[in-house]
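Visitor: Could you walk me through this structure slowly, please? I am new to this and would like to ask as we go.

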Amino acid sequence: MEYALYLGCTIPLKMPHFEFAFREIANYLGLTFKEMEGASCCPDPVATQSISIDTWLTLAARNLCLAEKMGLDILTICSGCFETLKTTKVLLEEDKTAFDRINSVLKKIGYEYKGTSDIYHFVELFSQEEYLEKIKKILMRPLDNLNVAVHYGCHLIRPSKILQVDHPERPETMDKIIEALGAKTVAFAGKLECCGFCARLKEEIGFKLVEDKITELKELEEEVDVMVGVCSACVSQYDRKQKLLSRKTGKVLDIPVLYVPELMAIAFGIEPDKLGLKNRSIRPTKLLEKLNI
Amino acid sequence: MTEEEVINAEDLDYNFRYEISEKVGAKSLLKCIQCGICSSGCTVTEYVDLQPHRVVASCLLGLKDIVLSSNAIWTCSLCHRCTERCPKGVDYSFILALLRNLAVKAGNCPEEYRGTIQTIHDNGYVVPYTGGLATNIDRRRDRFGLPKFVPPDLKEIDIIMQETGIGNLLDKALEDKEGDK
């Protein structure tokens, strides 16, 4: 099946290495897509929605219209985009008045929103049996000895009534993908905690949440080799704040954080040099050593 | 609010609850039974002046000014656990977004958020993508062999923002910029 690839803006503009890893593994998995030219920011579910729900819905509906014109469903590579686009579709299905109001604005720029394209996050696809089997076949470098901490992040699984990706309190989609790579996923109490990135106006919240989660991971009996996420905000939050916290508190907080497609790319045999793994605060040096790369 | 503070009944805005619940996504406000599950699972519960269940109670009581000037509506981390766990289906995260919209309309818009809207307006993205910045970004993308990035028509973004009623936030910003020159 072919998809309209919605890149969002943070990943393609600030983290092109994430996009590269995604495109590489998608290619290995035989996933085909068309580029969504002229797409804007999803827009972001924090500032835009806070200022005006209507602006948020209309800008999102404009992006959905682009996919409708292509006659394709949307595939997203970031949880923030996924939440915005999927919530817009669901809300406009439920609220006929909003549907009409938003279309009356879109008409002024020559668009009409119909609600015919569905929205998927790549986690939904890759955790299906068909893809898990493909992943196991492609595996060039099984991650047998790795202990991986999975961070689901909020905007992939909640609210489950709208997003419908996974169980909101006992999710397993991401674990399935990581286990298909041969790695072991660790159990820990803070697994479903928020990264705090969206509490933008009080940065201390983000620092506290990152410190709590990473401290717990450092205290586990088994050594955690890497933490993984599927949202550009979560991944950069844990990566950058760990380093700042180490400096501030003197604690050793140094768990490398990768975007799931990056870990998949490593397992698929793609050379780490190509993946731009140096573009982060905590370099996964020890991780690569453990994999004998 | 201190314990001793007294609010007169005539200062309550009894219509406030309906101002919120008339929006389809926020209709659930009226179903709250004050069980407090939202507050017990709230990521930011220790940082707010009003916990989620108290925000809802205050909306129902008509304490509009207290709600709209609280830090609670801006401190949320959008984890959606409140909405997820509510046994009555109250969509607190959506209600909170609506309350922030009302606060903005009343003239209280945090500069950080306004700045983001301005960036989206001027670039189509939350990341500045013009001039030298765009050249640098394109060069980085080239190094990874990524396809050329085709930005949106900014006129369309502008029309959407104007038509959905946030043009005033943007105009102000443009004037400020001109003033700086």
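Visitor: Which residue follows helix 7 of chain B, and what is the sign of its phi?

Guide: Helix 7 of chain B is followed by Gly107(B), whose phi is positive, near 100 degrees. Helices (H or I, at least four residues) and strands (E, at least two) are DSSP runs, numbered from the N terminus. Please keep in mind that this is a predicted model, in which local features need pLDDT of at least 70 and side-chain atom pairs count only at pLDDT 80 or more, while totals for chains, interfaces and linings use all residues. Residues are numbered from 1 along each chain as its sequence is written, and chains are lettered from A and ligands numbered from 1 in the order in which they are written.

Visitor: Is that helix buried or exposed?

Guide: Of the 14 residues of helix 7 of chain B, 12 are buried, so the helix is largely enclosed by the rest of the structure. A residue counts as buried if 20 or more other C-beta atoms lie within 10 Å of its own, as exposed if 12 or fewer do, and as partly exposed in between, with C-beta atoms placed from the backbone. Among the buried residues are Tyr92(B), Phe94(B), Arg100(B) and Val104(B).

Visitor: What span should helix 7 of chain B have?

Guide: At 1.5 Å a residue, its 14 residues (92-105) should span 20 Å, and the end C-alpha atoms are 20 Å apart, which agrees. The expected span is 1.5 Å times one less than the number of residues.

Visitor: And how many helices and strands are in chain B?

Guide: Chain B has 11 helices and 0 strands. Its radius of gyration is 21 Å, well over the 16 Å that the globule rule gives for 181 residues, so chain B is more spread out than a compact globule. That radius is taken over C-alpha atoms, and the rule is 2.2 Å times the number of residues to the power 0.38. Of the 181 residues of chain B, 40% count as buried.

Visitor: How about chain A, how many helices and strands there?

Guide: Chain A has 15 helices and 8 strands. With a radius of gyration of 19 Å, close to the 19 Å from the globule rule for 293 residues, chain A is as compact as a globular protein of that length. In chain A, 57% of the 293 residues count as buried.

Visitor: Which domains is chain A divided into?

Guide: Chain A is divided into domain 1 (2-122) and domain 2 (140-290), with bounds that come from an automatic or database domain assignment. Their C-alpha centres lie 25 Å apart, and 22 residues of domain 1 are in contact with 22 residues of domain 2. Two residues are in contact if their C-beta atoms, placed from the backbone, lie within 7 Å. Helix 2 of chain A gives the most to the side of domain 1 that touches domain 2, with 8 residues.

Visitor: Changing topic, how many residues does each chain give to the contact between A and B?

Guide: The contact takes 51 residues from chain A and 52 residues from chain B. On the side of chain A that touches chain B, the largest share, 6 residues, comes from helix 4 of chain A.

Visitor: Last one: where is Thr185(A)?

Guide: Thr185(A) is in strand 6 (residues 184-185) of chain A, and this residue is partly exposed, with 19 other C-beta atoms within 10 Å. Its C-alpha atom is separated by 6.4 Å from that of Asp175(A), 10 residues apart along the chain.
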